[in-house]
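Here is a short tour of one protein chain, taken a piece at a time. Have the sequence and the 3D view open as you read.

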Amino acid sequence: HPNALQVLDFAEGKVQLVAVKAFHGGLLVGHPLRDLRKHIPKTETRVAAIFRDGHPITPTGDTTIQADDEVFFIAATKDIRAVMGELRRLEKPYKRIMLAGGGNIGARLAKALENDYQIKLIEANPERAEFLSEELSNSIVLLGDVANEELLLEEEIDKVDLFCALTNDDEANILSAMLAKRLGASKVLSLINRAAYVDLVESGSIDIALSPQQATIGSLLAHIRRGDIVAVHSLRRGAAEALEAIAHGDSSSSVVVGRRIDEIDLPPGTTIGAIVRGEEVIIAKDDTLIESEDHVILFLVNKRYIKEVERLFQVGFTFF
């Protein structure tokens, strides 16, 4: 999704939570959220949260989206593109992708993408470059410095849809991404290990800054959370969280099973966005009833309430 700031999968890919920046001229900008249903009547979606100037806004039907709002919405994966079209002017899908750095991440990404996209990969180490040229069947492997202006111009950086800086050196990633942007790459992404750098660069010429720690932290958190929490994603550099919890028990042993969403005492700033029941995706409404074994996808604008959400999905005698 070329327009997304973040895309997260839940329930084995049936549901996605997507963050986009609302765009001047977007169809929904300047209109209340309730108008979303008029624009795309056959598509179910829910806006889980809006961040305006870095501060969370709890969305209601009357909330009006403004340009540059960071909007988190949840929908069945098949409907994501239709919803994005309401918030932004959709860009053409990517074709040409350049990867800077042929380490584990660069190599695996090239392998995953090379059958569907035109991939060029830049690697500075001659032995590694030779190995990658044998390992990758449809990618062009270039030996050189990722921040070499002549090399980027020679390889027509101005025709590249997405430039990904993926070395293990933050400074090299930031510099090469900024250079690629200045030389005409449509969109640039930089892998950044130091969390303090992420906010700094995203406000400048780098479109997307990714922190590998945040991705890894999510998979670790799922193992240490109480209650049956099967997925945890850290959002906005750790300020917010989205999680997938499985409801167990019945109305006597659980505070969520057999209850409507508006009857559940959710912590402040917490919304239930969707429920996956078997193969069915249900976008949550106030009168939606939660059943045992439902996968419930929640959004927390403040992660300090995570323990309260965990307790909601614990089954036990404490609730009698």
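Two strands count as paired if DSSP finds at least two bridges between them. With that in hand, strand 7 and strand 8 make a parallel pair, held over 4 bridges. Within this pairing, Leu121 sits opposite Val141 in strand 8.

## The overall picture

What you're looking at is a predicted model. The protein chain has 320 residues, and 48% of them count as buried. Its secondary structure comes to 9 helices and 16 strands. Take the contacts between residues at least 6 apart in sequence: 58% of them join residues at least 24 apart.

## The parallel sheet

Strands 7 and 8 belong to an open sheet of 6 strands, in the order 8-7-6-9-10-11, with parallel pairing. At the edges are strand 8 (140–143) and strand 11 (208–210), each of which pairs on one side only. From one strand to the next, the twist averages 15°. As a general reminder, strands of a sheet pair through backbone hydrogen bonds, either parallel or antiparallel.

For a residue in this sheet, try Leu189, which is in strand 10. Is Leu189 buried or exposed? Its relative accessibility is 12%, and since the cut-off for buried is under 20%, Leu189 counts as buried. Leaving out residues up to four places away in sequence, Leu189 touches Leu162, Phe163, Cys164, Ala165, Leu166, Ile208 and Leu210. One of these, Leu166, is 23 residues from Leu189 in sequence, with 8.6 Å between their C-alpha atoms.

## Helices on the sheet

Helix 3 lies across strand 6, strand 7 and strand 10 (187–191), and runs at about 165° to strand 7. Helix 6 (residues 170–182) also packs on the sheet, where it touches strand 9 (162–165) and strand 10. The direction of helix 6 makes about 175° with that of strand 10.

Helix 3 (residues 104–113) is a nice one to look at down its axis. Gly106, Ala107, Ala110 and Leu113 are buried. Why do these residues share a side of helix 3? They cover an arc of only 145° around the axis, so they end up on the same side. On the other side of helix 3 you'll find Asn104, Arg108 and Ala112, which are exposed. As for the packing partners, the buried residues of helix 3 meet strand 6 (96–100), strand 7 (118–123) and helix 4 (126–135).

## Two nonpolar cores

The largest nonpolar core has 23 residues, and those touching the most other members are Met98, Ile122, Leu152, Ile157, Phe163 and Val188. Strand 6, helix 5 (149–154), strand 9, helix 6 and helix 7 (195–202) are the elements that give two or more residues to this core. Helix 6 gives the most, with 4 residues.

Zoom in on Ile157. Setting aside neighbours within four places in sequence, Ile157 is in contact with Met98, Leu152, Phe163, Ala180, Leu183, Gly184 and Ala185. Apart from this core lies another, of 22 residues, with Ala245, Val257, Leu298 and Ile306 among them.

## A hairpin at strands 1 and 2

Now for an antiparallel pairing. Strand 1 (residues 4–10) and strand 2 (residues 15–21) pair this way over 6 bridges, with Gln6 opposite Ala19 in strand 2. The two strands form a hairpin with 4 residues between them, and Ala11 in the turn has a positive phi of about 50°.

## Phe299 and Asp294

Phe299 lies in strand 16 and, at 2% relative accessibility, counts as buried. Beyond its neighbours within four places in sequence, Phe299 has a long contact list, including Leu17, Ala48, Phe51, Phe72, Leu235 and Thr270. Phe72 is 227 residues from Phe299 in sequence, yet their C-alpha atoms are 9.1 Å apart.

Asp294 is in the loop between strand 15 (280–283) and strand 16 (295–300). Which backbone nitrogen lies 2.8 Å from a polar atom of the Asp294 side chain? That of Glu291. Asp294 counts as buried, with a relative accessibility of 1%. Not counting neighbours within four places in sequence, Asp294 is in contact with Ala245, Ile246, Ala247, Ile275, Val276, Arg277 and Leu289.

Definitions and conventions. Residues numbered from 1 in each chain as written. Predicted model: local features only at pLDDT ≥ 70, side-chain atom pairs only at ≥ 80, totals over all residues. Heavy atoms only, no water. Buried < 20%, exposed > 50% of the residue type's maximum accessible area, 1.4 Å probe, protein only. Arc of directions from axis to C-beta. Contact = heavy atoms within 4.5 Å. Axes fitted to C-alpha atoms, helices over the stretch in contact; angles between N-to-C directions. Polar contact = N/O pair within 3.5 Å; in protein donor to acceptor, adjacent residues only side chain to side chain. Core = buried A, V, L, I, M, F, W, Y, C linked by side-chain atoms within 4.5 Å.
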